[in-house]
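Grab a pencil and have a look at the model below. A few exercises follow, each with a worked solution.

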Amino acid sequence: MRLSENGSAKTDPGVLTNCTVCPRNCYANRFSENRGYCNAGAGFEIASICAHKGEEPPISGLNGICNVFFYRCNLQCIYCQNCQISTNSNQKIFKEWSLAEVLDRICSILDSGCKALGFVSPSHMIPQIIAITEAVKKTGRNPVIIYNTNAYDKVDVLKSLEGIVDVYLPDLKYADAELAKELSDASDYPLVAQKAIAEMYRQKGAPLITDADGQAISGLIIRHLVLPGQVNNSMNVLRFIANDISTKVHISLMSQYNPVTAVIGHRFLGRSLSEVEYEEVVAEMEKLGLERGWIQALESSSNYLPDFCYEHPFEKKVK
Ligand code: SF4
């Protein structure tokens, strides 16, 4: 699964003409105007490439991670915190990059001290990711490659990333199919994501290998965002990890849910997570023996909201 030698996705006659890159299996021609579910084209549709220090400590490292934020997404979560860029509506994308521009930007950030290169919302952009990674490695740079995904990924596609991705950073959102349908338009999400995470675990196992600075260089970290009113879903997600993956895997439990405009008035998403709800989930995590990882403090959730109108979306400077 790759793009053409010169890196122009527009000239590739391969996988994107009949797209089955993600579990939606649209068979869309992404070179045409007749796009698939994600509405993504065949080029480098990227909202931002920036250094980001707000990830888990072994992901950000001392100087932040160089994150590539793609436009659009193969899930359409109604509460998405990155909804400015993740929507698949027909809105014009802010910018389509050339591979040379992508490479230039990534290299300048890596040269400023970032050791890792992360791809955020990557599941619909696998050929582009492979092209970018190959181009970066050809320059002699060898960043740690992080796959920061919603876990709505196909197992065979993940197999094709073996040896390319160093650290998998999936978000396991739901154990409940009805909830997945209502909130993310994907009733098969639990089944698909569970298989995807089992494949990531097959590739990486439980150990999180770090360098002398504590930066992750190989492994798997499973994220879970606790949603208000959905304690049972969170508990079932954690039970799946403990019972079907491993109690030794690293988990990042997140409390940073913040209601976006689209869910104001929603019957349970219209408010923040309560302390009682979060404590119940944390207690279950401890009861299950899931001891490795991070439990985010329940604090001001608006601190984590990016604004992609800025060149640095998390620092909100330089329009
Ligand atoms: S990547 Fe996009 S077009 Fe391809 S199968 Fe997934 S949703 Fe459909």
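**Exercise 1.** Find which residues surround the ligand most closely, and sort the shell by type.

*Solution.* First, a word on the ground rules: this is a predicted model, where local features need pLDDT of at least 70, side-chain atom pairs count only at pLDDT 80 or more, and totals for chains, interfaces and linings use all residues. Residues are numbered from 1 along each chain as its sequence is written. Now sort the shell: it divides into eight nonpolar residues, five polar and one charged. Here Ala, Val, Leu, Ile, Met, Phe, Trp, Tyr, Cys and Pro count as nonpolar, Asp, Glu, Lys and Arg as charged, and the others, Gly among them, as polar. Then pick out the closest: C19, C22, C26, G36 and C38, out of 14 residues around the ligand (C-beta, placed from the backbone, within 6 Å of it).

**Exercise 2.** Work out which strand pairs with β4, and whether its residues are buried or exposed.

*Solution.* Start with the pairing: β4 and β5 run parallel, joined by five bridges (strands are DSSP runs of E, at least two residues, numbered from the N terminus; a pair needs at least two DSSP bridges). One partnership to look for is V120 with N148 in β5. Next, check burial, meaning 20 or more other C-beta atoms, placed from the backbone, within 10 Å of a residue's own; 12 or fewer is exposed, and in between is partly exposed. Six of the six residues of β5 (144–149) are buried. Finally, look at directions: V144, I146 and N148 point one way, while I145, Y147 and T149 point the other. That fits a general pattern: in a regular strand the side chains alternate between the two faces of the sheet.

**Exercise 3.** Explain why S121 and R72 count as buried, and say what is notable about their phi.

*Solution.* Locate them first. S121 is in the loop between β4 and α4, and R72 is in the loop between β2 (65–70) and α2 (83–86). Now count neighbours: S121 is buried because it has 23 C-beta neighbours inside 10 Å, and R72 is buried because it has 23 too. Then read phi: about 70 degrees for R72 and near 55 degrees for S121, positive in residues other than glycine. Most residues other than glycine have a negative phi.

Key: Helix = DSSP H or I, 4+ residues; strand = E, 2+ residues; numbered from the N terminus.
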